[in-house]
Amino acid sequence: MVGSEPLAHRYGGHQFGYWAGQLGDGRAHTLGQFTNRNGEVWELQLKGSGKTPYSRSGDGRAVVRSSVREFLCSEAMHFLGVPTSRAASLIVSDEPVLRDQFYDGNVKAERGAVVLRVARSWFRIGSLEILSESGEFGLLRELMDFVIDEHFPSISSDDPDKYLVFYSTVVNETAHLIARWTSVGFAHGVCNTDNFSLLSVTIDYGPFGFVESYDPSFVPNASDDEGRYSIGAQAGVGHFNLGKLLAALRPVLTGEQQEEAQSVLNGYADVYQRRILQLFRAKLGLLGEEEDDGFLIALLLKLMEDTRSDFTLTFRQLSEASAEQLHGQNFTQMWALEGLSSHQLFPDWLGLYLPRLRRQQRDDDSGRRNRMKRVNPRYVLRNWMAESAVRKAERNDFSEVALLHRTLSSPFVTQEAAEEAGYAAKPPAWARGLKVSCSS
């Protein structure tokens, strides 16, 4: 960009529970800010553009497989309604990049690629941690003031409690973000503090995955041997990361503010649970609130776990099935519900669910189905779909990248080309052994 001075950001982070010290943008260059036609300011960043002062022993490059995955998933998440960075473009290079994909000594040359990605801000929890850990408290205050003035307009710069209000906002919005992840079956894969945005948007797509056969212990990252970042653990990890954010802010908080901030953090689980309940009520087409809704949702998830039912298509097919079909358990051509209905307790669950729907005033079955289809996607970026697109892209065939981009831009709408490609069918047998690592 003419007149811009590319820069790389210094930050630190807790990685897999331990302080890793200084990290920073090892392969990303921020080009500057762009104001769109709506007056929104976005920061433009190249990922995979070469060495930075924080590359350590790396080459600062990215490869086709990781770049295609980030390009597609960040856009998919946006159209699913999940706060996220966006992808503006993807450029493939003929320059070979050496990678050991699974860190097993099998190094091979791959095609390089660069993603131009955008976000309102790339500041993350680790941006504040490094300053606090290094004793740079003046710079910590300066950065905090900048972030608040630029991105939190509801917080007055003259408010003596502004840092406390900022922290409260981040706690609340982070709980909402992770609840959104869970509601669409998304597992980030590397929930380190250096990958958690201060603006509570999804950033730094690496070994992510959308859970298929429902399992709370689903881990998308082949490098995560202990399952620290399983999909069922994400909410707890969010609490851990917010605790590290509070630790970073303690030098700029009074004693009383620290106590209030701790109280805010203690309320995180309640915020998350309330939001999860709201989201899953919507996924099941439930209006209003009833005391037993939590049990109804939890029982369904337990049946799905026991039968290894597909997360996305189970909820989608519940959206598409009429009350008559549900009552008669007539699930012809509904493969996910067929699997779920094999559970011996499924009739008992229906015996709770259908009366709950009938108690909803001023609601009908058609309205319920339409409402559910607006929140339950038919298509998500499954690993096998991304892998298929990557394999073709590595041969200079970007037809499936384009098809997936179109499909995932309207994930709630049934699309003929997507159906022909099998994007709502049972995952192919060849995909069962797919693994994704941090280099992916």
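Start by selecting Leu143, which sits in helix α3 (residues 137-151); helices here are DSSP runs of H or I with at least four residues, strands are E runs of at least two, and both are numbered from the N terminus. You are looking at a predicted model, where local features need pLDDT of at least 70, side-chain atom pairs count only at pLDDT 80 or more, and totals for chains, interfaces and linings use all residues. Residues are numbered from 1 along each chain as its sequence is written, and side-chain values use heavy atoms, with hydrogens and water left out.

Back to Leu143: its relative accessible area is 13%, so it is buried (buried means under 20% relative accessible area, exposed over 50%, partly exposed in between, with a 1.4 Å probe and protein chains only). Leaving aside neighbours within four places in sequence, show Phe123, Ser127, Leu128 and Leu131, which are in contact with Leu143 (contact means heavy atoms within 4.5 Å). If you draw a C-alpha distance from Leu143 to Ser127, 16 residues away along the chain, you should get 8.8 Å.

**Into the core**

Leu128 is a good bridge to the next stop. It is among the residues with the most contacts inside the largest nonpolar core, along with Phe166, Trp349 and Tyr353, and that core has 112 residues. A nonpolar core here is a set of buried Ala, Val, Leu, Ile, Met, Phe, Trp, Tyr and Cys residues joined through side-chain atoms within 4.5 Å. Which helix gives the most to this core? Select α4 (residues 162-183), which supplies 11 residues.

Then jump to Trp349. Beyond its neighbours within four places in sequence, Trp349 is in contact with Leu284, Leu296, Leu299, Leu300, Leu303 and Leu318.

**Helix α9**

Leu318 takes you to α9, where it is one of the buried residues, together with Phe311, Thr312, Leu313, Thr314, Phe315, Arg316, Gln317 and Ser319. Nine of the 10 residues of α9 (residues 311-320) are buried, so the rest of the structure largely encloses this helix. Now show Asp310, which caps the N-terminal end of α9 with a side-chain oxygen 3.3 Å from the backbone nitrogen of Thr312.

**Domains 2 and 3**

Try colouring by domain: the assignment gives domain 1 (26-121 + 379-423), domain 2 (125-281) and domain 3 (285-374), with bounds that come from an automatic or database domain assignment. The C-alpha centres of domain 2 and domain 3 are 32 Å apart. Their contact takes 13 residues from domain 2 and 16 residues from domain 3.

About 1,300 Å² is buried between domain 2 and domain 3, with carbon and sulfur atoms giving 60% of it; buried area is the accessible area (1.4 Å probe) that two parts lose on being put together, summed over both. Highlight Tyr214, Phe280 and Arg281: they supply 61% of the area that domain 2 buries against domain 3, more than any other three residues.

**Two loop residues**

Next, pick Gln360, in the loop between α12 (346-358) and α13. Is Gln360 buried or exposed? At 6% relative accessibility, Gln360 counts as buried. Polar atoms of its side chain lie 3.3 Å from the backbone oxygen of Gly285 and 2.7 Å from the backbone nitrogen of Leu287. Outside its neighbours within four places in sequence, Gln360 is in contact with Gly285, Leu286, Leu287 and Arg371.

Follow the chain to Tyr379, in the loop between α13 (365-373) and α14 (383-393). Tyr379 has 0% relative accessibility and counts as buried. Its side chain makes a polar contact of 2.5 Å with the side chain of Glu419 (a pair of N or O atoms within 3.5 Å; within protein, one must be able to donate a hydrogen and the other to accept it, and residues adjacent in sequence count only if both atoms are side-chain atoms). Among its other contacts beyond four places in sequence are Thr407, Pro411, Ala418 and Tyr423. The C-alpha atoms of Tyr379 and Tyr423 are 6.4 Å apart, with their positions 44 residues apart along the chain.

**Cysteines and positive phi**

Looking for disulfides (cysteine sulfur atoms within 2.5 Å)? A search of the whole structure finds zero. Select Cys73: the closest cysteine sulfur, in Cys191, is 13 Å from its own, too far for a bond. Cys73 is buried at 0% relative accessible area, and Cys191 is buried at 0%.

Finish with backbone angles.

- Arg56 has a positive phi of about 55° although it is not a glycine; it lies in the loop between β4 (41-47) and β5 (62-63) and is exposed at 63%.
- Asp204, also not a glycine, has a positive phi of about 60°; it lies in the loop between β8 (186-187) and β9 (209-210) and counts as buried at 12%.

Terms used: Disulfide = S-S within 2.5 Å.
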